[in-house]
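Visitor: I'd like a quick tour of this one before I head back to the bench. Could you walk me through it?

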Amino acid sequence: MSLAVDRIRSLSDQHPKPSNIHFQYGTAGFRTLGSILDSVMFRVGILAALRSKKLDGKTIGVMVTASHNPEPDNGVKLVDPRGEMLESAWEVHATVLANAPTTDAFIEALDTFVRTLKIDLSKPAKVVYARDTRPSGPALISAIEDGINAMDAEGRDAGVTSTPVLHYLVRAINTKGTKDEYGEDSEEGYLRKLTVAFKKLVAGKPAPPPLLIDCANGVGAQVAHKLAEHLGDAVRLIPVNTATTTPGALNNSCGADFVKTSQKLPPSLNSQLTAGQRGCSLDGDADRLIYYYMDSRNQFHMLDGDKIAALVAAFIVDLTKAAGLDDQIKVGIVQTAYANGGSTKYLSERLPVKCVPTGVKHLHHAAEKYDVGVYFEANGHGTVLFSPESLEKLSSYEPSTPAQSTALNHIINLTQLINQTVGDGLSDMLLVEVVLSHKSYSGEEWDSSYVDLPNRLVKVVVADRNIFRTEDAERRLISPPGIQAKIDELVRRYEGGRSFVRPSGTEDVVRVYAEAMNRTQADELAFRVAGLIYDETGGDPGRRPVEFL
Ligand code: 16G
Ligand code: MG
C-alpha cells in the first residue's frame with residue numbers, strides 16, 4: 001500500500017507553509033503565533049496518523065494549546081499511546097515535515113519518512129484530539145482534521161478540554177478491555193475516577209475550608225466547574241478567573257505561571273483570598289498548579305511545585321511505613337535545576353533526589369526508574385508515578401493489622417486519584433487537599449517544612465540562543481566557552497549563591513536563574529549574570545538587555 005498522494009496533495013495545497021518561517025518541535029511541541037500554524041496542524045494530523053500506523057493502530061493524541069503563553073499564541077503536541085509525551089526521535093521527524101517548503105517537498109519528505117521508518121501503511125490509524133479555549137483553536141483543529149482525512153485515519157474529537165484530560169483519554173482508549181484498563185474513555189470517566197478516589201481518601205475527615213481556584217481564564221475553568229459538581233460537599237471549590245470567552249483574558253495577570261514568575265497573587269484575587277485562607281492557580285491548559293495562602297498578617301506566601309513534591313513525597317513515605325511496605329516500595333524524587341536550593345537540601349537529606357534537564361519528558365522518564373517517583377518542576381508541573389512492580393505489590397500484599405490495611409487502601413486510592421500520564425493541575429490539587437486533610441495542616445504548617453531561598457529568574461534576548469549548550473542537567477554552560485568560569489566567579493561573591501544559564505526551549509531567549517541568602521542579593525546576582533551573557537554574546541541591541549520574567 002502506498003500514500004494516497006493525490007488526496008494528500010489537494011488537501012496540502014489548502015494548507016500552504018508560510019515562507020521564511022522555521023518551525024521547531026520543542027519541549028512543548030510546536031508553539032508560536034496561532035495565525036501561522038495552519039500548515040503545521042495539517043501536517044501534524046498526518047504525522048499522528050503515521051505514528052498510529054507505526055504503533056500498530058494504537059490511538060495517538062493531539063493537543064492544541066499554548067498553555068501559559070499569551071492568547072494569540074497557539075501550539076500542538078502529540079501524545080503517545082500510554083498518555084506520555086511523543087518519543088524524542090519523532091520530534092525531529094515532526095520538525096522536518098513541518099518545514100518542507102511546498103506541497104511537493106512535503107510529499108517527498110513523507111515518502112522518504114515512510115520508507116525509512118518502514119511504516120506499514122495498511123495498518124489502521126486512530127487519532128484523538130482536543131483543544132483549549134483559544135480563539136484560534138477551531139480553525140487549527142479543522143486543519144488537523146484535514147490531515148487525518150488525508151491519511152484516511154479515524155479521528156475522534158474530544159472537544160474543548162484540558163491537556164491532562166487528553167492524556168488520560170489516550171491511555172484510557174488504548175487500555176480499554178485490558179487488565180491495565182486506565183478508566184472510562186471520556187471526560188466524565190476522568191472526573192468520576194478522580195472524585196471517587198478522593199472521596200474514599202477523605203472519608204471521615206472534616207471537610208476542608210472552601211478552596212479558591214484561579215483558572216487563568218482558560219480551559220481549566222470548564223473542567224473545574226464539572227469537578228466541583230462531582231465533588232459536592234467533599235471539598236467546596238470556588239473557581240475564579242473563569243472568563244474563557246473574554247478576549248485577551250487568558251493567562252493575563254493570572255494563572256500558575258504569573259504567580260510563579262512574579263511571586264505575587266493575581267490582582268483579581270486580592271480581595272478574595274482572606275487571612276489564613278489558601279488558594280491555587282492553574283495554567284492555561286490546566287497541567288500546572290501553584291498553591292498559596294495569606295498569613296494572619298495578610299502576607300502572601302507561595303507554595304510551588306517544590307513544596308508540593310515535599311508534601312506529597314513525605315505523605316507517601318509515611319503511608320508505605322504504616323502499611324509495612326517501606327522496605328519493598330521506595331520513594332524517589334525528580335527535580336530540575338530550577339528547584340529551590342532549600343527544597344533540594346531538605347529532600348536530599350531524606351530521600352533519593354535526581355536532577356534532570358527541564359521539560360516533562362525528562363522528569364517523567366527519570367521518575368519511572370523509582371518504585372514510586374515523585375516529579376515536580378518548580379513551576380508546578382508534576383505528578384507521581386507508581387511502577388508496574390509497585391502496583392503489583394500493592395495488589396498482592398496481605399496486611400497483618402487493621403492499621404496496615406487502612407494505609408494500604410489509602411495508597412491504592414492514591415494510584416487512582418493521581419493522573420499518572422502527565423502533570424495534572426486538578427488531580428494534583430485533590431492530592432494536596434488529601435494530604436492537608438490527613439495531616440490537618442494549614443497552608444502555613446505545610447510551608448514550614450523548609451524555607452525557600454530568595455530567587456530571581458530573568459531572560460536575556462540574545463542574537464542566537466542556539467550557541468548556548470549546557471551539561472550537568474543544565475546547571476553548567478559548556479558553550480560559548482569561558483562563560484561558565486565567569487559565572488562561577490560572580491556566584492562566589494554571594495553567600496549561598498547559585499546561578500545557571502540555559503537556552504529556553506519555548507521562546508527565543510536565554511534564561512538566567514539565581515538564588516542567594518536574601519532578595520536583594522538574588523536580584524543582583526541574576527542581573528549580573530544576565531549582563532555578562534548579554535555583553536559576552538552580543539545581545540540584540542534593539543532590546544533592553546534583560547527583562548524580569
Ligand atoms: C514547557 C514544558 C515545561 C517546561 C517549560 C520550560 C512540557 C509539557 N512543558 O512548558 O515542562 O518547564 O517548557 O520552558 O514539557 P522554557 O524552556 O522556555 O524555559
Ligand atoms: Mg501548561
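Guide: Sure, one term up front: buried means under 20% relative accessible area. Keep in mind as well that this is a predicted model.

Visitor: Are Asp285 and Asp287 buried or exposed?
Guide: With that cut-off of under 20% in hand, we can place both. Asp287 falls in the same class as Asp285, and that class is buried.

Visitor: Which residues supply the protein donors of the magnesium ion (ligand 2)?
Guide: The donor atoms lie 2.0 to 2.2 Å from the ion. In sequence, the donor residues follow the spacing S-x215-D-x1-D-x1-D. Put names to that pattern and you get Ser67 (OG), Asp283 (OD), Asp285 (OD) and Asp287 (OD).

Visitor: How far is the side chain of Thr506 from an oxygen atom of ligand 1?
Guide: Thr506 is among the residues that come nearest to ligand 1, as are Glu377, Ser504, Gly505 and Arg511. Ser504 puts a polar side-chain atom 2.5 Å from a ligand oxygen, and Arg288 has one at 3.4 Å. For an N or O atom in the Thr506 side chain, the distance is 2.4 Å.

Visitor: How many charged residues are in the shell around ligand 1?
Guide: There are 16 residues around the ligand. Sorted by class, three are nonpolar and eight are polar, which leaves the charged ones at five.

Visitor: What radius of gyration does the protein have?
Guide: The C-alpha trace spans about 65 × 60 × 45 Å along its principal axes. Because the chain has 549 residues, a compact globule would come out near 24 Å. The protein agrees with that, at 23 Å.

Methods
Residues numbered from 1 in each chain as written. Chains lettered and ligands numbered in written order. Predicted model: local features only at pLDDT ≥ 70, side-chain atom pairs only at ≥ 80, totals over all residues. Heavy atoms only, no water. Near = heavy atom within 4 Å. Polar contact = N/O pair within 3.5 Å; in protein donor to acceptor, adjacent residues only side chain to side chain. Nonpolar A, V, L, I, M, F, W, Y, C, P; charged D, E, K, R; others polar. Donors = N, O, S within 2.8 Å, 3.2 Å for Na, K, Ca; no water. Buried < 20%, exposed > 50% of the residue type's maximum accessible area, 1.4 Å probe, protein only. Rg over C-alpha atoms; globule rule 2.2 N^0.38 Å.
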